[in-house]
Amino acid sequence: MSSYFQMNSRTMMRLAISLVCFFVIAATSTTTVEASADKAEMIRQFLDGHNTARKAVGVPPLVWDTSLSTYARVYANKRRADCKLVHSPGYAFGENLFWGQGRQWSAADATAAWVAEKRWYNYASNACSGQECTHYTQVVWRTTTRVGCAKIICNSGDTFIACEYYPPGNYIGQRPYIN
């Protein structure tokens, strides 16, 4: 064999490392693109659900806030071990939490559950009638302008979703929107 085709062990090691790095980068790039697409779809579902409900009562749409979604993610990760619907100490934010058994729950499902509480909100008395409705009123709170959310799968395999709102809503004696 000619020396042109011969490689010493050092050159072969460099080539092998280069090939491994190439395949790792290629695999990571695909995963990152897929993760970005999944994240974009999740954000779209959150915003669509919120903003459809807000439009129905005549309040401006919310915009996505990455700082709020980071806070939601950090807090959701603290609930990973128990998946309990315990609110965070984020006093400067409004917050909606969702728990669903299993992994199949989406951003759209959580938002739809909160918006479904509309049936228990009585605008005339500005109160919930018989059931919880403050998740709904936070969704449509007229002075809230930004939202950020996160979804995790708990150690149990169940879904936990947190949405953070700024400025917060649900002030006693105030209405979520003007009818």
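Select Asn170 to begin: at 31% relative accessibility, Asn170 counts as partly exposed, because partly exposed covers the range between under 20% (buried) and over 50% (exposed). You are looking at a predicted model, so every stop on this tour shows computed coordinates. Asn170 sits in the segment after strand 6. Look at its backbone too: Asn170 is not a glycine, yet its phi is positive, at about 60 degrees.

**Stop 2: Pro167**

Stay in the segment after strand 6, where Pro167 is placed. Now select Tyr166 as well and show the backbone atoms. Is the peptide bond from Tyr166 to Pro167 cis or trans? That bond is cis, and its omega is near -15 degrees.

**Stop 3: Asn126**

Next, select Asn126, in the loop between strand 3 (121–122) and strand 4. Here is another positive phi in a residue other than glycine, this one near 50 degrees. Asn126 has a relative accessible area of 21%, so this residue is partly exposed.

**Stop 4: the second largest pocket**

Keep Asn126 selected and add Thr134, Asn170, Tyr171 and Gln174: these five lie nearest the centre of the second largest pocket, which has 14 lining residues. The space inside is about 170 Å³. Strand 4 (127–128) supplies at least two residues of this lining, and so does helix 4. If you colour the lining by class, you should find eight nonpolar residues, six polar ones and no charged ones.

**Stop 5: the largest pocket**

Now select His87, Phe93, Gly94, Glu95 and Asn96. Of the 16 residues lining the largest pocket, these are the closest to its centre. This pocket holds about 230 Å³ of space. At least two lining residues come from strand 2, and at least two from helix 4. How many residues of this lining are nonpolar, polar and charged? The lining divides into four nonpolar, ten polar and two charged.

**Stop 6: Ser88**

Move along to Ser88, in the loop between helix 2 (66–78) and strand 2 (94–100). Is Ser88 buried or exposed? Its relative accessibility is 12%, so Ser88 counts as buried. Show the side chains here and look for two polar contacts. One joins the side chains of Ser88 and Tyr71 at 3.1 Å. The other runs from the side chain of Ser88 to the side chain of Glu95, at 2.8 Å. Setting aside neighbours within four places in sequence, Ser88 is in contact with Tyr71, Tyr75, Glu95 and Glu164.

**Stop 7: the nonpolar cores**

For the next view, select Phe46, Trp114 and Val147. Within the largest nonpolar core, a set of 24 residues, these three have the most contacts. The elements that give two or more residues to this core are helix 1 (9–56), helix 3 (107–115), helix 4 (134–139), strand 5 (146–153) and strand 6 (159–166). Which element gives the largest share? Helix 1 does, with five residues.

Zoom in on Val147 and display what surrounds it. Apart from neighbours within four places in sequence, the residues in contact with Val147 include Leu47, His50, Trp64, Leu68 and Cys163. Glu164, which you met as a contact of Ser88, is also in contact with Val147.

To finish, select Tyr75, Cys83, Ala150 and Phe160. They belong to a second, separate core of ten residues. Tyr75 may look familiar, since this residue is also among the contacts of Ser88.

Terms used: Residues numbered from 1 in each chain as written. Predicted model: local features only at pLDDT ≥ 70, side-chain atom pairs only at ≥ 80, totals over all residues. Heavy atoms only, no water. Helix = DSSP H or I, 4+ residues; strand = E, 2+ residues; numbered from the N terminus. Buried < 20%, exposed > 50% of the residue type's maximum accessible area, 1.4 Å probe, protein only. Polar contact = N/O pair within 3.5 Å; in protein donor to acceptor, adjacent residues only side chain to side chain. Contact = heavy atoms within 4.5 Å. Core = buried A, V, L, I, M, F, W, Y, C linked by side-chain atoms within 4.5 Å. 1 Å grid on protein atoms, 1.4 Å probe; cavity = no way out; pocket = protein on both sides within 12 Å on 5 of 7 lines; lining within 4 Å. Points joined across faces, edges and corners; volume = space filled by probe spheres on them. Nonpolar A, V, L, I, M, F, W, Y, C, P; charged D, E, K, R; others polar.
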